[in-house]
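These are my notebook entries on one protein model, written down in the order in which I looked things up. I begin with a single side chain and work outwards from there.

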Amino acid sequence: MHSNRCGTGADLALPHAIQAEVTDWDKFRYRRRQTGLLFALWNAATKLALALAALVALGLLELAGFNAEMSAPVLALGLIYALLPSVLKGIAIIILWQFPLKSRHHKSIMYRLTQRSERSSIDDLPTKPFAPDQSAAGRV
């Protein structure tokens, strides 16, 4: 159970850090900001995962013959509460270890986004000095 609690900090911090990097990559790749859509999809996926986890855990308790009035349901609860999440977190660590967007890639993306932003702000400057329309000057 101790390893389960130690992993909770990473469970809470890593997804948001990865989401921020992925939104930067998405902006670089597709040249538009879709942060709201991406976060909505991630939140929906998170809620679906929590619902699925509850379904699996309660289903496993039912298969184990769990009864709240049992005197010693410790083994079934221990396996479902401690062992199964630890195994799943180990699998998640292996998957995250292979995450293709590394720190150096993100720095390069941010550099390119900054360059693109600076170029577009230069391109948006007027090429001719602005002269107000003299015919509309007397109208209110």
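Entry one, Glu21. I looked up how much of this residue is open to the surroundings, and Glu21 turns out to be partly exposed, because its relative accessible area is 22% and the range for partly exposed lies between under 20% for buried and over 50% for exposed. I note that the model is a predicted one, and that Glu21 has its place in helix α1. Which residues does Glu21 touch, leaving aside those up to four places away in sequence? I found Leu101 and His106 as its contacts. I also looked up the distance to Met110, which is 89 residues from Glu21 along the chain, and the two C-alpha atoms are separated by 9.3 Å.

Entry two, the whole protein. I then stepped back to the secondary structure, which comes to 4 helices and 0 strands, so that reading along the sequence gives me the pattern α-α-α-α. How much of the protein counts as buried? I wrote down 13% of the 140 residues. For the accessible surface I noted about 11,500 Å², with 67% of it belonging to carbon and sulfur atoms. Among the contacts with a separation of 6 or more, 59% come from residues 24 or more positions apart, and the pair of Glu21 and Met110, at 89 residues apart, had already made me look at separations along the chain.

Entry three, Arg31. I went to the loop between α1 (2-30) and α2, where Arg31 lies. Is Arg31 buried or exposed? Its relative accessibility is 61%, and it therefore counts as exposed. I also checked the backbone, and phi of Arg31 is near 60 degrees, which is a positive value in a residue other than glycine.

Entry four, α2 and α3. I looked up how helix α2 (residues 35-63) lies against helix α3 (residues 74-97), and their axes come within 9 Å and cross at roughly 150 degrees. Angles over 145 degrees count as roughly antiparallel, and α2 and α3 are therefore roughly antiparallel to each other. The crossing in which α2 passes α3 is right-handed. Which residues meet where the two helices touch? From α2 I listed Ala57, Leu60 and Leu61, and from α3 I listed Ala76, Leu77, Ile80 and Leu84. When I sorted the residues of this contact by kind, I had 7 nonpolar, no polar and no charged.

Entry five, Leu63. My last residue is Leu63, which is found in helix α2. With a relative accessibility of 74%, Leu63 counts as exposed, because the cut-off for exposed is over 50%. Finally I looked up its distance to Ala76, which lies 13 residues away in sequence, and from C-alpha to C-alpha I noted 9.7 Å.

Terms used: Residues are numbered from 1 along each chain as its sequence is written. This is a predicted model: local features need pLDDT of at least 70, side-chain atom pairs count only at pLDDT 80 or more; totals for chains, interfaces and linings use all residues. Side-chain values use heavy atoms; hydrogens and water are left out. Axes are lines fitted to C-alpha atoms, for helices over the stretch in contact, and angles run from 0 to 180 degrees between N-to-C directions. Angles under 35 degrees count as roughly parallel, over 145 as roughly antiparallel, 65 to 115 as roughly perpendicular and the rest as oblique. A crossing is left-handed if the near helix is turned anticlockwise from the far one by less than a right angle, and right-handed if clockwise. Contact means heavy atoms within 4.5 Å. Ala, Val, Leu, Ile, Met, Phe, Trp, Tyr, Cys and Pro count as nonpolar, Asp, Glu, Lys and Arg as charged, and the others, Gly among them, as polar. Buried means under 20% relative accessible area, exposed over 50%, partly exposed in between (1.4 Å probe, protein chains only). Accessible areas come from the Shrake-Rupley method with a 1.4 Å probe; for residues, only the protein chains shown count as cover.
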